[in-house]
Amino acid sequence: MHDKTLTELAAGLQAGKFSSRELCQAALDRIERLDGELNSFITVTAEQALANADAADSAREAGDAGPLAGLPLALKDIFCTQGVRTSCGSKMLDDFVSPYDASVVEKLRQAGAVNLGKTNMDEFAMGSSNESSFYGPVKNPWDLSAVPGGSSGGSAAAVAAGLVPAALGTDTGGSIRQPAAFCGITGLKPTYGRVSRYGMVAFASSLDQGGPLARSAADCALLLEAIAGHDVRDSTSVARVVPDYTAELDTSLAGLKIGLPKEYFGDGLDPEVETAVREAIKVYESLGAKVCEVSLPHTHLAIPAYYVIAPAEASSNLSRFDGVRFGHRCDDPTDLEDLYKRTRAEGFGEEVKRRILIGTHTLSEGFFDAYYLKAQQVRRLIRQDFLDAFDEVDVLMGPTAPTPAFDLGAQKDPVSMYLQDIYTIAVNLAGIPGISVPAGFAGSRPVGLQVLAPHFAEAQLLGVAHQFQQATDWHLKRPAFGKETA
Ligand code: GLN
């Protein structure tokens, strides 16, 4: 059961081959057996899950099952869940229990999905390897000495290891797509505004976007259908009809114009990753697509602009963690100043502190114009690069990350870690959607193909990814880890 897609599991439930209780119990048993080694979950909510599985089974018997009825899922521990700890991978929120559910959590529940628990992540979603988590690193099921990517590393590893068929993550600069690539699964970052951010712990509010990580593009379509849509509680969510993504998966690729940004195939790209990506593009050509080279001339400015904008927004968002209202509070503060200082010194890890310092600096008087304002102008140029490219082509393709998963502990300095996101970060700055699809291996480690589309063209993006998965079997490969057990 553990290597099936959501779509297959939904069919099994529908045909009465197994109950949601059996399915969820099997997944919980697997988590119990294997997650000691992977560390992909921070919290497992077994009891609640089984009660919800029973409710889904009863709803099905009564003929009133939602589209995801009885299907087990996991949530990155950045989504607020009423009554269940939401840690955001930080000591700061180690004992924080949200009084409400995030909008997407509510929507998944209404669709009948059963949440099995909260997955591990880089602290406050800052990272590309899951090593900044207060709860320790996650291992990559394809190679236990490698990182799973980040920041949604727990969600990606849990799906890849067959602990859950799908999970939600968030992507501020690559955190859904890069771990999906490293773990050999499919991950979709929707258009900014497509999915509500209400109840998602804020990192960089103008970039953050929640989305699915799953075993196929078809499964991502199913999940996006459930979580997308306008939400009055998130003023940046867009009031646009949610298409029937599943119905639009079977579009023909004949005549599809694919642009290959030349900046995505330059220095620093691992040759094995490049070979796998170029092979994938050949598959598209054989399916009738036309390929040409395009340019995104401001690509080299994406990482510098991001590392002004994201820390600036983070320093503002994270000012709420002051020892008064949320989470951690230091012992015996002598006065208010001491309370703030020690609470924040104890509660935040090194990477989070680094970002708060950078952000506070760039927003401070005398530096605001030189850094923050300039970065916003650069952001506009980066967005325009994509709009210009989409005048010429339907989608863009390239590698998701410059290398396959690296070894745990291998990236010692922050800047080399930041460079991991070279192909993903501009997408968040522009607000467009992107998907990472399994496209082969570099040695034993998976390679992801990234596909990008214009704002709100998720239906096309998912269709383009799905057609590739109809023609290839990379997304069906499973790691040896956990294979011997059911
Ligand atoms: N790796 C990037 C960062 O550290 C992006 C993280 C993310 O998308 N949440 O900020």
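Modeller: A salt bridge is a side-chain nitrogen of Lys or Arg within 4 Å of a carboxyl oxygen of Asp or Glu. The model discussed here is predicted.

Biologist: How far apart are the closest N and O atoms of D322 and R325?

Modeller: D322 is buried, at a relative accessible area of 10%, whereas R325 is exposed, at 56%. Side chains of opposite charge can pair when their charged atoms come close. D322 and R325 form a salt bridge, and their closest N and O atoms are apart by 3.3 Å.

Biologist: Why are R342 and D338 separated by about one helical turn, and what is the N to O distance in their salt bridge?

Modeller: Both residues belong to helix 10 (residues 336–347) and are four residues apart, so about one helical turn separates R342 and D338. R342 is partly exposed, with a relative accessible area of 28%, while D338 is buried, with 17%. Their side chains meet in a salt bridge whose N to O distance is 3.0 Å.

Biologist: Which residue has a side-chain N or O atom 2.7 Å from an oxygen atom of the ligand?

Modeller: The ligand is surrounded by 15 residues, and G173, S175, Y306, R355 and D421 are the closest. A polar backbone atom of G127 is 2.9 Å from a ligand oxygen, and a backbone N or O atom of T172 lies 2.8 Å from one. The side-chain contact at 2.7 Å is made by R355.

Biologist: How much of the ligand's 290 Å² does the protein bury?

Modeller: The 290 Å² is what the ligand exposes when taken alone. Of that area, the protein buries 100%.

Notes. Residues are numbered from 1 along each chain as its sequence is written. This is a predicted model: local features need pLDDT of at least 70, side-chain atom pairs count only at pLDDT 80 or more; totals for chains, interfaces and linings use all residues. Side-chain values use heavy atoms; hydrogens and water are left out. A residue is near a molecule or strand if one of its heavy atoms lies within 4 Å of it. A polar contact is a pair of N or O atoms within 3.5 Å; within protein, one must be able to donate a hydrogen and the other to accept it, and residues adjacent in sequence count only if both atoms are side-chain atoms. Accessible areas come from the Shrake-Rupley method with a 1.4 Å probe; for residues, only the protein chains shown count as cover. Buried means under 20% relative accessible area, exposed over 50%, partly exposed in between (1.4 Å probe, protein chains only). Helices (H or I, at least four residues) and strands (E, at least two) are DSSP runs, numbered from the N terminus.
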